[in-house]
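Got your viewer ready? Please load the model shown here, switch on a cartoon view and keep the selection box at hand.

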Amino acid sequence: MAEPRGTLDIRGLSARYGPVTALDAVDITASPGRVTAVLGANGAGKTTLLRTISGLVKGADGSVLLGGRDLTGASAETIARAGIAHVPEGRGVITELTVEENLRLGELLGTARRGKGGREHRLDTVYEMFPALEQRRRREANSLSGGERQMLVIGRALLSAPEVLLLDEPSLGLAPRIVAQLFALIRDLVDREGITVLLVEQNARSALSIADTGFVLNLGRVVAAADAASLAGDADLRHAYLGF
Ligand SMILES: Nc1ncnc2c1ncn2[C@@H]1O[C@H](COP(=O)(O)OP(=O)(O)OP(=O)(O)O)[C@@H](O)[C@H]1O
């Protein structure tokens, strides 16, 4: 049977940097309308996982399927056009451009994907979701706070009409109150629009508070996979891998 649109299936994914095995036969499925958390300490392979899915790390073994379509080994451009939007660690805003110019870049890809699935967003709906961005639309992105920058890159990704959103450590460097706000927005987005979110986080406690399911990586391997409540309730697992 064909996989439903928007289901991201990672099968047997392995990636190396020279002698270092960063991912070792990783199997992960992320479904539409759900937040799937990928947790683990520094160096567990989380960033490599997202970079491999989005075509930035080459030469991996295994496969990446989106709605049953095999994207293994495809170029980053093909993968983005297929509907996978990657929000990298460190935010990736173009600081010299205004907030609105940054958003227009996402819109370009959205236009290219029109009619190919994924909910289309207009600038005004992104401003509705993130009013702070509208207030600062003509300012250089440089002037934004960390939380606002994170909203900007998520807004930009949404304008590309993605089926799958890959979020790499969105909580990094943000105050706990801002993390709580941002995560509530992510949850709301998934509930309203049914997109697929793969959320990579070291902040396991916050990630599990909004996730449906989670996978724990350690040294490139999946060491636990379960619904979010079971992972959060497993004291041994928390102490060994999740840091809370
Ligand atoms: N460009 C690279 N060249 C060589 N080794 C790398 C490179 N990027 C990552 N690694 C190594 O691959 C392993 C996985 O790193 P990765 O960044 O994917 O982990 P992570 O879980 O995302 O950690 P972090 O939270 O620190 O980003 C680590 O051992 C890391 O040192």
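What follows is a walk from the overall fold to single residues, one selection at a time.

**Before you click**

This is a predicted model, in which local features need pLDDT of at least 70 and side-chain atom pairs count only at pLDDT 80 or more, while totals for chains, interfaces and linings use all residues. Residues are numbered from 1 along each chain as its sequence is written.

**Stop 1: the whole protein**

Colour by secondary structure and you should find 10 helices and 10 strands. Both are DSSP runs, numbered from the N terminus: helices are H or I with at least four residues, strands E with at least two. The C-alpha atoms fill a box of roughly 45 × 35 × 35 Å along the principal axes. The radius of gyration is 17 Å, which agrees with the value near 18 Å for a compact globule of 244 residues. That radius is taken over C-alpha atoms, and the globule rule is 2.2 Å times the number of residues to the power 0.38.

Of the 244 residues, 46% count as buried. Buried means 20 or more other C-beta atoms within 10 Å of the residue's own, exposed means 12 or fewer, and partly exposed is in between, with C-beta atoms placed from the backbone. Among contacts with a separation of 6 or more, 71% join residues 24 or more positions apart. A contact here is a pair of residues whose C-beta atoms, placed from the backbone, lie within 7 Å.

**Stop 2: the six-stranded sheet**

Next, select β6, β7, β8, β3, β9 and β10, which in that order make an open sheet with mixed pairing. Two strands pair if DSSP finds at least two bridges between them. At the edges stand β6 (84–87) and β10 (221–227); each has a single partner strand, so one side of each is left without a neighbour in the sheet. On average, neighbouring strands are turned by 15° against each other, direction ignored. For this and later angles, axes are lines fitted to C-alpha atoms, for helices over the stretch in contact, and angles run from 0 to 180 degrees between N-to-C directions.

Now zoom in on β3, residues 35–39. Its parallel pairing with β8 (residues 196–201) has five bridges, and its parallel pairing with β9 has four. Label Val35 and you will see Val197 of β8 opposite. Val38 has Val200 as its bridge partner in β8, and on β9 Val38 stands opposite Phe215.

Which way do the side chains of β3 point? Val35, Ala37 and Leu39 point one way, Thr36 and Val38 the other, and all are buried.

**Stop 3: helices on the sheets**

Select α1, residues 46–53: this helix packs on the six-stranded sheet, touching β3, β6, β7 (164–168), β8 and β9 (213–218), and its direction makes about 150° with that of β7. α1 also lies across β1, β2 and β4, running at about 70° to β2. Seven of its eight residues are buried, including Leu49, Leu50 and Ile53. Just after α1 comes Gly55, with a positive phi near 85°.

Then pick α10 (residues 235–242), which lies across β3, β9 and β10 at about 50° to β9.

**Stop 4: the four-stranded sheet**

Bring up β2, β1, β4 and β5, an open antiparallel sheet in that order. β2 and β5 (69–70) are the edge strands, each pairing on one side only. In the middle, β1 (residues 8–17) and β4 (residues 61–66) pair over five bridges, with Leu66 of β4 as the bridge partner of Leu8.

**Stop 5: around the ligand**

Which residues surround the ligand? Select Tyr17, Val20, Ala22, Gly40, Asn42, Gly43, Ala44, Gly45, Lys46, Thr47, Thr48 and Gln202. A residue is near a molecule if its C-beta atom, placed from the backbone, lies within 6 Å of it. α1 gives the most to this shell, with three residues, and β2 (20–30) supplies at least two.

The shell divides into four nonpolar, seven polar and one charged. Here Ala, Val, Leu, Ile, Met, Phe, Trp, Tyr, Cys and Pro count as nonpolar, Asp, Glu, Lys and Arg as charged, and the others, Gly among them, as polar.

**Last stop: Arg139**

Finish in the loop between α5 (131–135) and α6 (146–159), where Arg139 sits. With 14 C-beta neighbours inside 10 Å, Arg139 counts as partly exposed. Beyond residues up to four places away in sequence, Arg139 touches Thr98 and Val99. Draw a C-alpha to C-alpha distance from Arg139 to Glu101: the two are 9.7 Å apart in space and 38 residues apart in sequence.

Notes:
Two residues are in contact if their C-beta atoms, placed from the backbone, lie within 7 Å.
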